[in-house]
Amino acid sequence: MKKPELLAPAGDFEKLRTALHYGADAVYIGDSRFSLRGKAGNFQRNELRDAVAYAHAHNARAYVTVNIFAHNRDLKFVEEHALLLRDIRPDAVIVSDPGIFSIFRRIAPEIDIHISTQANITNAETARFWEDLGARRLILARELSVDEIREIRAKTRIALEVFVHGSICISYSGRCYISSFLASRSANSGECTNSCRWSYSLMEEKRQGEYLPVFEDERGTYIMSSRDLCMIDHLPLLAEAGIDSFKIEGRMKGINYLAGVVKSYREAVDAIGREDYAGLCAGWREELSRSSNRGFTTGMFFGKQSDTDYNFDEESYRMSHELVGVVLDVQGNRARVALRNRLDRGDEVEFLSSGLEGKRFEVASMDDPEGFAITSARNEEIIFLEVPAGVRKHDLIRRDKDFRGSKKVIAPVAGDRDC
Ligand code: SF4
């Protein structure tokens with residue numbers, strides 16, 4: 001069985017580099033003017049060119065999202081964008097609007113077109129419709145079950161892609177005005193504020209400040225708040241059902257999330273076909289729980305679940321580990337590190353590096369760029385650290401979020417310079 005592609009989000013250049021470093025076969029990127037998730041730190045024109053070139057230089061594919069719902073006033077700019085992309089040559093564009101599909105077929109016919117999940121492909125007839133028009137891949141609606149996917153697979157030859165991990169819209173494939181009404185940021189223009197995940201209460205107009213008891217527990221009710229999709233246990237089933245590409249959601253998420261999720265899914269995709277696959281899942285699930293998540297669900301892949309299987313009933317995201325820094329380069333056992341958090345001598349950190357999973361290392365010493373020993377450094381500072389064998393350039397360093405509370409205090413040594 002051919003292994004499906006692992007497709008990761010890349011909201012900016014650092015995320016692109018992280019996704020490829022941890023094993024993505026392909027990335028999806030966007031230009032902020034034409035992409036849902038318009039606030040996802042998308043690429044500007046020249047950055048888009050560099051991003052596609054970077055992916056190709058690393059033997060990966062780059063797909064560019066052009067999945068806005070265009071109005072007449074947008075068409076001129078979409079045509080200009082098609083000309084630009086014809087020059088940049090991404091491996092595909094991702095579109096949902098038939099008008100934009102038409103523009104790309106006319107202006108840039110050499111670029112493959114993938115049909116976005118926003119186009120709500122939920123049946124074999126729609127799949128054939130796009131196949132007959134010349135689309136090369138369909139990103140199926142998240143509302144489909146595995147059995148429905150099998151039927152589409154049996155009736156079409158076009159490549160199929162599904163989301164396997166990440167946030168789920170509580171509305172039908174993101175067709176939603178909650179964020180638009182409550183925060184003046186439209187999900188349909190890619191600016192969703194995730195308003196469905198806020199904590200809500202009811203208040204009767206004449207009883208200001210008195211919240212009516214719609215609560216399911218003492219912290220409130222989160223009636224529109226979905227858990228995150230996680231299909232890592234079931235990738236062999238999806239591969240066998242005929243899926244060609246596994247997509248990870250999250251162009252808005254940080255590199256800590258991206259690294260852990262891509263690394264886990266890379267290992268899982270590579271393990272498809274192994275007899276011990278099921279036994280490996282616990283380790284991957286543990287890794288996935290370390291970065292931002294809202295509890296996990298298998299969505300609609302196995303049919304409609306009970307509401308309690310979907311509903312995330314806590315107020316905030318869960319995350320057991322926080323990002324400490326990014327390894328810029330390594331020479332011998334010394335690494336130059338860009339910090340993303342405060343780090344103190346004596347802290348216990350983990351390296352998100354192959355072979356070092358779950359191992360903790362105490363920061364015994366650290367130096368500033370001039371070579372002075374220091375006891376503490378802050379976010380955005382560059383420091384030098386001693387690192388274990390196996391740490392590579394672009395690896396992430398992180399730590400248990402609870403560690404700081406129980407951390408022992410290290411007294412400064414002679415010659416230390418506090419930052
Ligand atoms: S508010 Fe929630 S349901 Fe609506 S588009 Fe945003 S994430 Fe999706």
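A residue counts as buried under 20% relative accessible area, as exposed over 50%, and as partly exposed in between. Keep these cut-offs at hand. The model is predicted.

**Exercise 1. Classify both partners of the salt bridge between Asp329 and Arg336.**

Step 1. Start with the pair. The side chains of Asp329 and Arg336 meet at 2.8 Å, N to O.
Step 2. Take Arg336. Its relative accessibility is 28%. That value lies between the two cut-offs, so Arg336 counts as partly exposed.
Step 3. Take Asp329. Its relative accessible area is 28%, so Asp329 is partly exposed.

**Exercise 2. Compare the expected span of helix H2 with the distance between its end C-alpha atoms.**

Step 1. Helix H2 covers residues 45-57, which is 13 residues.
Step 2. The expected span is 1.5 Å times one less than the number of residues. For H2 this gives 18 Å.
Step 3. The end C-alpha atoms are 19 Å apart, in agreement with the expected span.

**Exercise 3. Find out how the buried residues of H2 are arranged, and what they pack against.**

Step 1. List the buried residues of H2: Leu48, Ala51, Val52, Tyr54 and Ala55.
Step 2. Look around the axis. These residues cover an arc of only 160°, so they sit on the same side of H2.
Step 3. Turn to the other side of H2. Asn46 and Ala57 are exposed there.
Step 4. Name the partners. The buried residues pack against helix H1 (13-21), strand S2 (26-30), strand S3 (61-65) and helix H3 (72-88).
Step 5. Look just past the helix. Asn59 takes a positive phi of about 55°.

**Exercise 4. Do the analysis again for helix H6, residues 146-155.**

Step 1. Val146, Ile149, Ile152 and Arg153 are buried in H6.
Step 2. Down the axis of H6, the buried residues fall within an arc of 115°, so they line one face of the helix.
Step 3. Asp147 and Ala154 are exposed on the other side of H6.
Step 4. The cover over the buried residues of H6 includes helix H5 (124-133), strand S7 (159-166) and helix H8 (235-240).

**Exercise 5. Describe the salt bridge between Glu267 and Lys263.**

Step 1. Recall the principle. Side chains of opposite charge can pair when their charged atoms come close.
Step 2. Give the distance. The side chains of Glu267 and Lys263 meet at 2.9 Å, N to O.
Step 3. Place the pair. Both residues lie in helix H9 (residues 255-271), four residues apart, or about one turn of the helix.
Step 4. Classify each partner. Glu267 is partly exposed because its relative accessible area is 30%. Lys263 is buried, at 7%.
Step 5. Look at another pair. Lys253 and Glu249 meet in a salt bridge at 3.5 Å, N to O, and both are buried.
Step 6. Widen the view. The structure holds 32 salt bridges. Glu5, Arg61, Arg137, Glu161 and Lys247 are linked in a network of them.

**Exercise 6. Locate Arg89 and Glu380, and give the sign of phi for each.**

Step 1. Arg89 is in the loop between H3 and strand S4 (92-95). Its phi is near 60°, a positive value in a residue other than glycine.
Step 2. At 44% relative accessible area, Arg89 is partly exposed.
Step 3. Glu380 is in the loop between strand S20 (376-377) and strand S21 (382-386). Its phi is positive too, about 80°, although Glu380 is not a glycine.
Step 4. At 69% relative accessible area, Glu380 is exposed.

Key: Residues are numbered from 1 along each chain as its sequence is written. This is a predicted model: local features need pLDDT of at least 70, side-chain atom pairs count only at pLDDT 80 or more; totals for chains, interfaces and linings use all residues. Side-chain values use heavy atoms; hydrogens and water are left out. Helices (H or I, at least four residues) and strands (E, at least two) are DSSP runs, numbered from the N terminus. Buried means under 20% relative accessible area, exposed over 50%, partly exposed in between (1.4 Å probe, protein chains only). The arc is that of the directions from the helix axis to the C-beta atoms. Contact means heavy atoms within 4.5 Å. A salt bridge is a side-chain nitrogen of Lys or Arg within 4 Å of a carboxyl oxygen of Asp or Glu.
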